[in-house]
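I pulled this one up to see what sits on its surface. My notes follow, in the order I looked things up.

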Amino acid sequence: MFSELAAFAGGVLFGTAGVKALGSKEAKKAYAHTAALGLRIKDSVMETVTCVKENANDILAEAKEINEKRAAEAEQEIIEDTACAKA
């Protein structure tokens, strides 16, 4: 019974000290620096994502052009083959 009471009292004391430590000016300053770091990392990641998206869009546009050119060439060959067969 005594050990349980001592453990409870120790937990309350530790919890109270922890709350005070977390609310201190030094802790708040550390939290602000950590949050600022997180925001800088987020900005850096977003710049990278934007660059990757732009490159992917360029590749997609070029691929569409290639396919359109091939389709036009294939259609021209069909037209030429049909003209030769009728002659």
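**The Asp43 pair**

I started at Asp43, which counts as partly exposed because its relative accessibility is 43%. Keep in mind that I am working with a predicted model.

Next I asked which residue forms a salt bridge with Asp43. I found Lys42 there, with the closest N and O atoms 4.0 Å apart. My cut-off for a salt bridge is a nitrogen to oxygen distance within 4 Å. General reminder to myself: side chains of opposite charge can pair when their charged atoms come close.

I then checked Lys42 for cover. Lys42 has 48% relative accessibility, so I put it down as partly exposed.

How many salt bridges does the count come to? I got 1.

**The chain overall**

I went through the secondary structure and noted 2 helices and 0 strands. Helix 2 covers residues 25–86.

For burial, I looked at all 87 residues of the chain, and 1% of them count as buried. I also took down the accessible surface of the chain, about 8,000 Å². Carbon and sulfur atoms account for 66% of that surface.

**Nonpolar patch**

I looked for nonpolar side chains grouped on the surface. Leu37, Ile41, Val45 and Val49 make a nonpolar patch of about 310 Å².

I picked Ile41 out of this patch for a second look. Ile41 lies in helix 2. I logged Ile41 as partly exposed because its relative accessibility is 48%.

**Negative patch**

Charges came after that. Which residues form a negative surface patch? I wrote down Glu54, Asp58, Glu62, Glu65 and Glu68.

From this patch I chose Asp58, and I found Asp58 in helix 2 as well. Is Asp58 buried or exposed? I have Asp58 as exposed, because its relative accessibility is 52% and the cut-off for exposed is over 50%.

**Recap for the page**

I am keeping three items: the salt bridge between Asp43 and Lys42, the nonpolar patch that includes Ile41, and the negative patch that includes Asp58.

Terms used. Residues are numbered from 1 along each chain as its sequence is written. This is a predicted model: local features need pLDDT of at least 70, side-chain atom pairs count only at pLDDT 80 or more; totals for chains, interfaces and linings use all residues. Side-chain values use heavy atoms; hydrogens and water are left out. Patches are made of residues with over 30% relative accessible area and no salt bridge: like charges are joined within 9 Å, nonpolar side chains (Val, Leu, Ile, Met, Phe, Trp, Tyr) within 5 Å. Accessible areas come from the Shrake-Rupley method with a 1.4 Å probe; for residues, only the protein chains shown count as cover. Helices (H or I, at least four residues) and strands (E, at least two) are DSSP runs, numbered from the N terminus. Buried means under 20% relative accessible area, exposed over 50%, partly exposed in between (1.4 Å probe, protein chains only). Lys and Arg count as positive and Asp and Glu as negative; His and the chain ends are not counted. The place of a charge is taken as NZ of Lys, CZ of Arg, CG of Asp or CD of Glu.
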